[in-house]
Amino acid sequence: MSRKPLNLDFDLGAHRAQNRKHTAQPASWDDIDSMLETGKVGTRDLSEFGTVVLDTVGRCLDMLALNIMAKNPKRSAGGSLDQKGW
């Protein structure tokens, strides 16, 4: 078990967790892109963390899908990703 987890709180429920350490609440996939490009989450370096926790993976995928559809509308079929989008 990593002693330095970073919780990416996509469903905004981390405040209910006991013993949580560092939490980031991305508002959009652009926040994730920014973290990866700069190597920082807030003022801390990503290299300080041993593990990244996605809470929840479903909400993470929803946010990623919205980003894909916004950047490439051809991958959207009726408000969700088409097969190539996935």
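These legends accompany close-up views of a predicted model.

**View 1. The whole chain combines two helices with seven strands.** Along the sequence, the elements run β-β-α-β-β-β-α-β-β. The C-alpha atoms fill a box of roughly 40 × 30 × 20 Å along the principal axes. Of the 86 residues in the chain, 26% are buried. The accessible surface comes to about 6200 Å². Carbon and sulfur atoms hold 52% of that surface. Among contacts with a separation of 6 or more, 50% join residues 24 or more positions apart.

**View 2. Eleven residues form the largest nonpolar core.** Its members are Leu6, Leu8, Phe10, Ala24, Trp29, Ile32, Met35, Val41, Phe49, Cys60 and Met63. Three elements, β1 (5-9), α1 and α2 (57-71), each give two or more residues to this core. The largest share, three residues, is that of α1. In soluble globular proteins, nonpolar side chains tend to be buried together.

**View 3. Phe10, a member of the core, has contacts on several stretches of the chain.** Neighbours within four places in sequence are left aside here. Phe10 is in contact with Pro26, Trp29 and Ile32, among others. Its contacts also include Leu54, Asp55 and Thr56. Arg59, Cys60 and Met63 are on the list as well. Of these partners, Trp29, Ile32, Cys60 and Met63 also belong to the largest nonpolar core.

**View 4. Helix α1 (29-38) has a buried side and an exposed face.** Trp29, Ile32 and Met35 are the buried residues of α1. They lie on the same side of the helix, because they cover an arc of only 115° around the axis. An α-helix has 3.6 residues a turn, so residues three or four places apart point the same way. Which elements do the buried residues of α1 pack against? They pack against β1, β2, β3 (40-41) and α2. The face turned away from the buried side carries exposed Glu37 and Thr38. Gly39 follows α1 and has a positive phi, near 75°.

**View 5. Helix α2 has 15 residues.** From first C-alpha to last, α2 reaches 21 Å. That is close to the 21 Å expected at 1.5 Å a residue. Its buried residues are Cys60, Met63, Ala65, Asn67 and Met69. Two of these, Cys60 and Met63, are members of the largest nonpolar core. Cover for the buried residues of α2 includes α1, β5 (51-55), β6 (76-77) and β7 (80-81).

**View 6. Gln25 sits in the loop between β2 (22-24) and α1.** Is Gln25 buried or exposed? With a relative accessible area of 47%, Gln25 falls short of the exposed cut-off, over 50%, and so counts as partly exposed. Beyond its neighbours within four places in sequence, Gln25 is in contact with Asp9 and Leu12. The side chains of Gln25 and Asp9 make a polar contact at 2.8 Å. The C-alpha atoms of Gln25 and Gly42 are separated by 10 Å. Along the chain, these two residues are 17 residues apart.

**View 7. Asn7 is placed in strand β1.** Asn7 counts as buried because its relative accessibility is 14%, and the cut-off is under 20%. With neighbours within four places in sequence left aside, its contacts include Ala14, His22, Thr23 and Ala24. Val53 and Asp55 are also in contact with Asn7. Asp55 appears among the contacts of Phe10 too.

Methods: Residues are numbered from 1 along each chain as its sequence is written. This is a predicted model: local features need pLDDT of at least 70, side-chain atom pairs count only at pLDDT 80 or more; totals for chains, interfaces and linings use all residues. Side-chain values use heavy atoms; hydrogens and water are left out. Helices (H or I, at least four residues) and strands (E, at least two) are DSSP runs, numbered from the N terminus. Buried means under 20% relative accessible area, exposed over 50%, partly exposed in between (1.4 Å probe, protein chains only). Contact means heavy atoms within 4.5 Å. A polar contact is a pair of N or O atoms within 3.5 Å; within protein, one must be able to donate a hydrogen and the other to accept it, and residues adjacent in sequence count only if both atoms are side-chain atoms. A nonpolar core is a set of buried Ala, Val, Leu, Ile, Met, Phe, Trp, Tyr and Cys residues joined through side-chain atoms within 4.5 Å. The arc is that of the directions from the helix axis to the C-beta atoms. Accessible areas come from the Shrake-Rupley method with a 1.4 Å probe; for residues, only the protein chains shown count as cover. The expected span of a helix is 1.5 Å times one less than its number of residues.
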